[in-house]
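Reader: I am a first-year student, and I would like to look closely at one part of this model rather than at everything at once. Could you take me through a single helix and its surroundings, step by step?

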Amino acid sequence: MVRVAVGRLASAVPLILLITLGTFVLGQLMPGDQARAVAGPDARPEEVAQVRRDLRLDDPAPVRYVRWLTDAVQGDLGVSAATRRPVADELGRRWPVTASLGVAALTLSLAIGIPIGIAQGLRPGSWLDRALLALVSVGLAAPAFWLATLLVYLLAVERRWLPALGYVGFSESPVEWARHIFMPALTLAVVGGAEIARQLRASLVDVLRQDHIRAATARGLHPRVVIGKHALRNASLPVLTIVGLRIGQLLAGAVVVEEMFELHGLGSYALDAILNQDFAVVQGVVLVTAAVVVAVNLAVDLLYHWANPKARPA
Amino acid sequence: MSDSYARRTAARLVRRPAAVAGLAVVGVFGVAGLLAPVISPYGLTETSSEFRAGPSPDHWLGTDAIGKDTLSQLLHGIRTSLWASLVAVTLAVVVGTVIGLCAGYFGGRTDRLLMRLVDAVLSFPGLLTAMVVVGLLGPSVLNAMIGLSVAFTPLFARLVRGQALAVREENYVKAAVVVGCGPVRIIRRHVLPNVAPPLVVQACMTFGFALLAEGALAFLGLSVRPPETSLGSMLRRGFGSINDTPRLVLVPGLAITVLTLACNTVADGLRDAMARPSGEGAGARAGSGDGAVAGLPAGVPTEVAVEVEGRP
């Protein structure tokens, strides 16, 4: 297990480096002048020149990348051109919003996807399976920004049950937090739930056809034991991979959802930066995303090794 | 892909009611998009004095907040969304195939370098990749297409590389090398025909995701610029008047959902039709190992499917 973890981490570092390097190279292609962006539209030429000197933008690109990297390792991600605030501080202030959105969305998608997937997988081809399949297909095809508008209309405009906008921290008021996070989280959970249901159905159908399940049934074990202990445990491994992938997708989905519900998390920070061509922020968000994705992959791998004895190195 | 293979696949495809229905819906949307400038009752920039009017003989789907005809906007939106997705996926298929062939056929250092790059892009959430690329290049439909194709290319590169690696080990390819065939001829005559079927399925699946992703980019203001419209930007404008005219959100949202659903259905049907007959039936979706993309949730990288199914 430790060897797996170390091996994975060793291959993760070049991956993160490559991603930040790619973003940096793309940033060089970015139209517009970074110094002017930082100094502001009304800045006099000498002020722009001053900023250019301060940020040492005249250095060759490789030098600037290495300097960004050495600063980043020490926790300094530069300064946002739009707000003049340190990127690292802003990321630190905003990540709890996105993290709690992600946790709520993931929990909801498991709560939606697991029962549907089991109901389908136990009786493939039945009318229930077909009906749920139609539901899952719609869930996979409905865009998040549309679901969100429908939810807002139904739950916040038509019936004033939930607030349409904003965010309240969990530590301030758990009830208000839940009321504010429910619609954004459900928006993201529909696709996730559909993907989980689809994968769980497929792997459950596969597992239930295998000999050891037939043997367990033949030995007279109760169906609940056969399904709960033998089938679901095996069928849940591919679902784990989907959940791992979902976490990365959630970060992308958060951009849309945070924008719509006016949550000030990493997603809306990323969108503002992208629209304002705020390069330091884009680079910072990319770094955080890459780190999260790599960490999630590592966690999924370790869980896999823990749950599946066949994957353990001999 | 030989003619008889294509014909047999087509025959199996049309025996699936869901796939046929999906194909019909895609066809209707395709024609609507193609003919949008001709059949739209009003021009793209034309406004009337009726704001947020309900459906009427003059405006079948009503008008929006600035008096534009919703039906005309919808038709042009479908046109843009389909076109952007088509270009993005085609670009990704072409570039991905070239990368995958180079990596798989030549192997060695080329392979390692190219796959490193592919994995780096693949590890990043696709929509976020597209957003970052668009953000750095500036918002426009063209850059949205480029961003999406950057996000999709790794899927195809991985798929083609895997097939190319497998085919290279076949005896008939070795025989062709002995006979003196060059790499171009071998790739064209032996590798590409083997790669084509799973590539077509993957392209169809990616197309459904491309529609959603382009919609999201347009919704966020990262794709079309006004007066051009796409389904996503239409929905964005409707979002502002959701309190009194939810129809303006309902119409484009329904269009994206139905279109994506139809594309996904066609892709599923195609995948099942291309699978070997032993994999057919109700359990075929379970990923019995037929083809690299069997049993895959839409938008999941093929490599993951291989891991999901064949994890040691």
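Reader: In what kind of crossing, left-handed or right-handed, does α6(B) pass α7(B)?

Author: The model is a predicted one, and in it α6(B) passes α7(B) in a right-handed crossing. To see what this involves, it helps to begin with the chain, then to look at the helix itself, and after that to turn to what it meets.

The secondary structure of chain B consists of 12 helices and 0 strands, so that, read from the N terminus, its elements run α-α-α-α-α-α-α-α-α-α-α-α, by the rule that helices and strands are DSSP runs numbered from that end. Chain B has 312 residues, and 51% of them count as buried. Of its contacts between residues at least 6 apart in sequence, 66% join residues at least 24 apart.

Helix α6 of chain B covers residues 126–137, and at 1.5 Å a residue its 12 residues should span 16 Å, which agrees with the 17 Å that separates its end C-alpha atoms. Just after α6(B) comes B:G138, a residue with a positive phi, near 100°.

How does α6(B) sit in its surroundings? Because 11 of its 12 residues are buried, α6(B) is largely enclosed by the rest of the structure. A residue is called buried here if 20 or more other C-beta atoms lie within 10 Å of its own, and in α6(B) the residues that pass this test are B:G126, B:L127, B:L128, B:T129, B:A130, B:M131, B:V132, B:V133, B:V134, B:G135 and B:L136.

Now to the crossing you asked about. Two packed helices are described by the angle between their axes and the distance between the axes. For α6(B) and α7(B), the latter made of residues 141–168, the axes come within 8 Å and cross at roughly 140°. That angle makes α6(B) oblique to α7(B), because an angle has to be over 145 degrees to count as roughly antiparallel. On the side of α6(B), the residues that take part are B:G126, B:T129, B:A130, B:V133, B:V134 and B:L137, and they meet B:N143, B:A144, B:I146, B:G147, B:L148, B:V150 and B:A151 in α7(B). An α-helix has 3.6 residues a turn, so residues three or four places apart point the same way. Sorted by class, the residues of the contact of α6(B) with α7(B) are 9 nonpolar, 4 polar and no charged.

The helix also has a part in the contact between the two chains, which takes 49 residues from chain B and 52 residues from chain A. On the side of chain B that touches chain A, the elements that give two or more residues are α5 (108–122), α6, α9 (183–219), α10 (231–239), α11 and α12 (302–310) of chain B. The most is given by α6(B), with 8 residues. Taken by class, that side of chain B has 30 nonpolar, 14 polar and 5 charged residues. As for the partner, chain A also comes to 12 helices and 0 strands, and of its 314 residues 41% count as buried.

A second pair of helices in chain B can be set beside the first. Helix α4 (residues 70–106) and helix α11 (residues 247–274) of chain B pack at an angle of about 30°, with their axes 11 Å apart, and α4(B) and α11(B) are therefore roughly parallel to each other. Here, too, the crossing in which α4(B) passes α11(B) is right-handed. The contact is made by B:T70, B:L74, B:G77 and B:I78 of α4(B), together with B:L248, B:V251, B:P252 and B:A255 of α11(B). These residues divide into 6 nonpolar, 2 polar and no charged.

Finally, a single residue shows how burial and contacts can be read together. B:V173 lies in helix α8 (residues 171–179) of chain B, and it counts as buried because it has 20 C-beta neighbours inside 10 Å. Leaving aside residues up to four places away in sequence, B:V173 touches B:V167, B:R168, B:I186 and B:H190. In sequence B:V173 and B:H190 are 17 residues apart, while in space they are 7.1 Å apart, C-alpha to C-alpha.

Key. Residues are numbered from 1 along each chain as its sequence is written. Chains are lettered from A and ligands numbered from 1 in the order in which they are written. This is a predicted model: local features need pLDDT of at least 70, side-chain atom pairs count only at pLDDT 80 or more; totals for chains, interfaces and linings use all residues. Helices (H or I, at least four residues) and strands (E, at least two) are DSSP runs, numbered from the N terminus. Two residues are in contact if their C-beta atoms, placed from the backbone, lie within 7 Å. Axes are lines fitted to C-alpha atoms, for helices over the stretch in contact, and angles run from 0 to 180 degrees between N-to-C directions. Angles under 35 degrees count as roughly parallel, over 145 as roughly antiparallel, 65 to 115 as roughly perpendicular and the rest as oblique. A crossing is left-handed if the near helix is turned anticlockwise from the far one by less than a right angle, and right-handed if clockwise. Ala, Val, Leu, Ile, Met, Phe, Trp, Tyr, Cys and Pro count as nonpolar, Asp, Glu, Lys and Arg as charged, and the others, Gly among them, as polar. The expected span of a helix is 1.5 Å times one less than its number of residues.
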